[in-house]
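Welcome to this short tour of a structure. Please load the coordinates in your favourite viewer and follow along as we go from the overall fold to the finer details.

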Amino acid sequence: DLEASEQEGREYIIHLDKMAGLRKNRAALAEWAYTSNITKENEEKRIQVQLEISQQEKLAWEETKMYRWQDFQDFSLRRMFKKYSQLGVAALPNDKYKQLMFSISGMESNYATAKICAYKNETKCDLSLEPDLTEIFAKSQDPEELKYYWVEWHKAAGARARQNFTEYVQLDNEAAKLNNFDDVAEWWQSEYEVPDFEQQLAKIWENVKPLYQQLHAYVRKRLRDKYGEEVVSARGPIPAHLLGNMWAQTWNNIESFTRPYPDKKEVDITQAMQDQNYTALKMFRMSDEFFRSLNLTAMPEKFWKNSIIEKPTDREIVCHASAWDFYDGEDFRIKQCSTIDYEYFQTTHHEMGHVQYFLQYKDQMVVFRDGANPGFHEAVGDTIALSVSSPKHLRRVGLTSGDAEDEQTEINQLYKMGIDKIVFLPFAYTLDLFRYGVFRGATTPDDYNCHYWRLREELQGVEPPVTRTEDDFDAAAKYHVSADVEYARYYVSFIVQFQFHRALCQIAGEYVPEDLTKKLVDCDIYQSVAAGNALSNMLKMGSSRPWPDAMEALTGQRAMRADGLLEYFRPLHDWLQAENQRTGEYIGWESSKIQYC
Ligand SMILES: C=C(C[SeH])C(=O)N1CCC[C@H]1C(=O)O
Ligand SMILES: [Zn+2]
């Protein structure tokens, strides 16, 4: 009868979940071994382990299918069975599974090991993306030098991945169909458990676009003032290589010469960090201390022993920052190639946020040790970083001597946050709208680059520095495309982190609407145990409940909405509108004169 089979089901799933934990631990160790020492041998080992594990998962899946779990009374038990009844890429036959793993691994290792020759010095050809090209893009103000490195990187990391990517799309779509999805786009979106996910993304963009267009217009004017009309037009898209970042995804590196009130004191965190002899370890210690100040969990001993926080000199590794859960309740790691600057100070908090989430849900069933949705996992660290980057906190830790909080300083501060957070949204939106089209077959290999740049121009208002053709494949020059990492999670994160931040600031008594001494932009939840406990209550849930339940636990809202972000940036929006009116800057952009289709 149903009662007995539900009890049997419970015993079965508890055992299955334990086995799954051991499999995930083994898979993580093999992947760590490869990505922290990229060799052919470690790649073979990793793929061999992945293949063995996929076969074990297939056997377990056959057994799970035998339970009539849809009729079970217990919500959590039904939810666990539902998650285990989706096999994933392991549904592919062995030979195709291996081929898929090799095509992804080929793209990822090409990206991680790509070397570029130096500008005007073709004999020096050992420049990596991190730290070399990243530093050049942060500091150079020579359009020709930036153009050279932009083209070389997109050739080495983008064009070279085209073949592997085409194969990966084909095989990953086959796996999607074996999991009863039409394509990978539908599979990725199913992670958000709402029927209208893509419409929600579009709605949010509609709400944020006016603010973005104002910021885009203002920045284009400041860049035109600096580089001249020949380099930056008055009404066209902004050339992508002039925005301080290889992908133009955040523009924080051009703050120094574009900020609204240049005569206000320069808030150069990077310089202050270097003057104070910051080390990678100090950044991690400070981040850990912030989380502990909220009564959250300290990083365990193994974390400090096993993490890689600086680029090794004796081997090739995947430098792109990552946080790792080894699913044994005690082994958690971060791997990143830290440099001492504001950007990596932020990234450290971002990655520590992932580990804090791991720690908060480590006593959940293995199958629920995940973010409420992928965007939540990306939002934890960034939410803390919103407090850390407040003038109040930077003064507290001695990174700025800070100006009096006058209106101009506040606009400079909001501008600094805006060229990081607002400009990121159309970039993130583009990356997965592009891949949705690829997985659905609306974009074929003959159109990859044309469709990618059409979206970049339409949504982000940027253009490539030079003509592009289908010999290029610029999308893969971004880590997540070469590493098969879904990107809408960051779009969601950059929206919900402002909903989380606003809620935490109110709980901490740091933000009181209408109280000008308790503004959102000045909020720092540091040492607020009340805020920490509220955050912990949400994080502990992992993926055991649909994410609207988790969001409601912290914010009282059940939907992701742009109102948190728009409220935070309201003063900046008003200032930009007035400023663009004053200068008569054209809002928006006409079509690009660069040929890319
Ligand atoms: C830091 C990570 C690792 Se999850 C990352 O990939 N991020 C963090 C912000 C956006 C995105 C990127 O770098 O493109
Ligand atoms: Zn992340």
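How does the radius of gyration of the protein compare with that of a compact globule of 597 residues? The protein has 24 Å and such a globule would have a value near 25 Å, so the two agree; the radius is taken over C-alpha atoms, and the globule rule is 2.2 Å times the number of residues to the power 0.38. This is a predicted model, in which local features need pLDDT of at least 70 and side-chain atom pairs count only at pLDDT 80 or more, while totals for chains, interfaces and linings use all residues. Residues are numbered from 1 along each chain as its sequence is written, chains are lettered from A and ligands numbered from 1 in the order in which they are written, and side-chain values use heavy atoms, with hydrogens and water left out.

**Overall fold**

- The C-alpha trace spans about 75 × 55 × 45 Å along its principal axes.
- There are 23 helices and four strands in the protein; these are DSSP runs, numbered from the N terminus, with helices (H or I) of at least four residues and strands (E) of at least two.
- Of the 597 residues, 59% count as buried, where buried means under 20% relative accessible area, exposed over 50% and partly exposed in between (1.4 Å probe, protein chains only).

**The zinc site**

- The zinc ion (ligand 2) has three protein donors, His 350 (NE2), His 354 (NE2) and Glu 378 (OE), at 1.9 to 2.0 Å. Donors are N, O and S atoms within 2.8 Å of the metal (3.2 Å for Na, K and Ca), and sites may look incomplete because water is not among the atoms.
- Along the chain, these donors follow the spacing H-x3-H-x23-E.
- Distant parts of the chain are linked here: His 350 belongs to helix H13 (residues 342–360) and Glu 378 to helix H14 (residues 374–388), 28 residues apart.
- Both His 350 and Glu 378 are buried.

**The surroundings of ligand 1**

- The residues around ligand 1 include the zinc donors His 350, His 354 and Glu 378, along with others such as Phe 424, Lys 478 and Tyr 487. A residue counts as near when one of its heavy atoms lies within 4 Å.
- The shell divides into four nonpolar, five polar and three charged residues, and H13 gives the most to it, with three residues.
- Oxygen atoms of ligand 1 have polar side-chain atoms of His 320 at 2.7 Å, of Gln 249 at 3.0 Å and of Tyr 490 at 3.3 Å.
- Taken alone, ligand 1 exposes 370 Å², and the protein buries 83% of that.

**Backbone details and loops**

- Glu 130 and Pro 131 are joined by a cis peptide bond, with omega about 5°; Pro 131 sits in helix H5 (residues 129–139).
- Lys 120, in the loop between helix H4 (94–113) and H5, has a positive phi near 60°. Its relative accessible area is 70%, so Lys 120 is exposed.
- Gln 527 has a positive phi near 70° and lies in the loop between H20 and H21; at 48% relative accessible area, Gln 527 is partly exposed.
- Thr 517 is found in the loop between helix H20 (488–507) and helix H21 (529–539), and counts as exposed because its relative accessibility is 65%.
- The C-alpha atoms of Thr 517 and Tyr 490 are separated by 32 Å.

Conventions
A polar contact is a pair of N or O atoms within 3.5 Å; within protein, one must be able to donate a hydrogen and the other to accept it, and residues adjacent in sequence count only if both atoms are side-chain atoms. Accessible areas come from the Shrake-Rupley method with a 1.4 Å probe; for residues, only the protein chains shown count as cover. Ala, Val, Leu, Ile, Met, Phe, Trp, Tyr, Cys and Pro count as nonpolar, Asp, Glu, Lys and Arg as charged, and the others, Gly among them, as polar.
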